[in-house]
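Work through these exercises with the model open beside you. Try each task before you read its solution.

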Amino acid sequence: LLIIPSCNFKGDDGKYYIDQIISVFPGLKEKIDPFLAQGGNIYAEGNAVYMLEKLGYLPSGTVNFTNVLNSGTEGLINITVVSSSHPAGFNAADAGNKIYTGAVPLVNASGITIIANAEADGRPVLFEKKTGTGGKIICNLGLPTAGGMAGTGQNRRQLQWTLNSLLYTLS
C-alpha cells in the first residue's frame with residue numbers, strides 16, 4: 001500500500017508543492033508503475049489527487065483547483081454516499097454524512113467509481129479507480145485524517161473515513 005498524503009498549499013495554490021516534487025523526482029512514475037502492475041494499491045488524500053494526475057494515473061486536466069468547494073467554519077462539508085455497499089463509505093452515518101476538508105477541487109475523470117460526492121454540487125469527494133492489474137487507487141479529496149486527529153464530537157469519527165479506505169485497499 002502506497003499512501004500519498006496531502007501537501008501544503010502555497011497561498012491558494014494546491015498544486016505548487018506537488019509540481020515541485022515531480023520536478024525534483026522526474027522518475028517517480030517509473031518507480032510506482034511496477035508496484036501497481038503487481039496489484040499494488042494507492043490511497044491519496046486531499047490535494048494528493050493532483051499528484052496522481054501529474055503521474056499519469058488520472059488524465060491531464062482531471063483536477064481543477066480553480067473550481068473548489070470550500071468547507072464552512074467547522075471544516076466539514078455534507079456528502080452523499082453514492083455506493084453504500086463500498087467499504088470506504090460504511091462510516092458515513094457515524095460521521096454525520098460529513099467529511100472534514102478545507103477546499104475540495106473539482107475532479108472530472110472517466111473510469112472512476114464515485115463512492116461519495118458533495119451534497120452541495122455533486123462533485124466527487126471519495127472515489128476509486130481500478131488499475132487494470134488488480135490494484136486499486138482510492139482518493140479522498142477531504143482531509144479526514146487531519147479532522148479525525150484534531151477533532152472531538154462528530155469530528156472524532158472522521159478518521160474512520162481513512163481507516164476504512166486503507167483496510168479496503170488491503171482486501
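**Exercise 1. Trace the order of helices and strands along the sequence.**

Solution. Step one: read along the sequence, and the pattern is β-α-α-β-α-β-β-β-β-β-β-β-α-α. Step two: count the elements, and the protein has five helices and nine strands. Helices (H or I, at least four residues) and strands (E, at least two) are DSSP runs, numbered from the N terminus. A note on the source: this is a predicted model, in which local features need pLDDT of at least 70, side-chain atom pairs count only at pLDDT 80 or more, and totals for chains, interfaces and linings use all residues. Residues are numbered from 1 along each chain as its sequence is written, and side-chain values use heavy atoms, with hydrogens and water left out.

**Exercise 2. Compare the radius of gyration with that of a compact globule.**

Solution. Step one: take the rule, 2.2 Å times the number of residues to the power 0.38, with the radius taken over C-alpha atoms. Step two: apply it to 171 residues, which gives a radius near 16 Å for a compact globule. Step three: compare. The protein has 15 Å, which agrees. Its C-alpha atoms fill a box of roughly 45 × 40 × 30 Å along the principal axes.

Now look at the surface. The protein exposes about 8,100 Å², and carbon and sulfur atoms supply 53% of that area. Accessible areas come from the Shrake-Rupley method with a 1.4 Å probe; for residues, only the protein chains shown count as cover. Of the 171 residues, 46% count as buried. Buried means under 20% relative accessible area, exposed over 50%, and partly exposed in between (1.4 Å probe, protein chains only).

**Exercise 3. Find the residues with the most contacts inside the largest nonpolar core.**

Solution. Step one: define the core. It is a set of buried Ala, Val, Leu, Ile, Met, Phe, Trp, Tyr and Cys residues joined through side-chain atoms within 4.5 Å. Step two: pick out the centres. The largest core has 42 residues, and L52, I77, I79 and F127 have the most contacts inside it. Step three: ask which element gives the most. Helix α3 (residues 48-54) does, with five residues.

Step four: list the partners of L52. Beyond four places in sequence, L52 is in contact (heavy atoms within 4.5 Å) with I4, I42, A44, Y57, L58, I137 and C139.

**Exercise 4. Why is there no bond between the sulfurs of C7 and C139?**

Solution. Step one: recall that a disulfide is a pair of cysteine sulfur atoms within 2.5 Å. Step two: check the distance. The closest cysteine sulfur to that of C7 is in C139, 13 Å away, so the gap is too far for a bond. Step three: state the total, which is zero disulfides. Step four: describe the surroundings. C7 is partly exposed at 21% relative accessibility, whereas C139 is buried at 1%.

**Exercise 5. Describe where N140 sits and what its side chain reaches.**

Solution. Step one: place N140 in strand β9 (residues 136-140). Step two: check its cover. N140 is buried, with a relative accessible area of 0%. Step three: follow the side chain, which reaches the backbone nitrogen of G142 at 2.9 Å. Step four: look further along the chain. Outside four places in sequence, the contacts of N140 include Y43, A44, E45, G46 and W161.

**Exercise 6. Which sign does the phi of N97 have?**

Solution. Step one: start from the general pattern. Most residues other than glycine have a negative phi. Step two: read the angle. N97 is not a glycine, yet its phi is positive, about 55°. Step three: locate N97 in the loop between β4 and β5. N97 is partly exposed, with a relative accessible area of 36%.

**Exercise 7. S83 and L69: are they buried or exposed?**

Solution. Step one: take S83, in the loop between β4 (76-81) and β5 (98-100). S83 is buried, at 18% relative accessible area. Its contacts beyond four places in sequence are I114 and I115. Step two: take L69, in strand β3 (residues 63-70). L69 is buried too, at 15% relative accessibility. Among the residues that L69 touches are I77, G102, A118 and R123.

Methods
A polar contact is a pair of N or O atoms within 3.5 Å; within protein, one must be able to donate a hydrogen and the other to accept it, and residues adjacent in sequence count only if both atoms are side-chain atoms.
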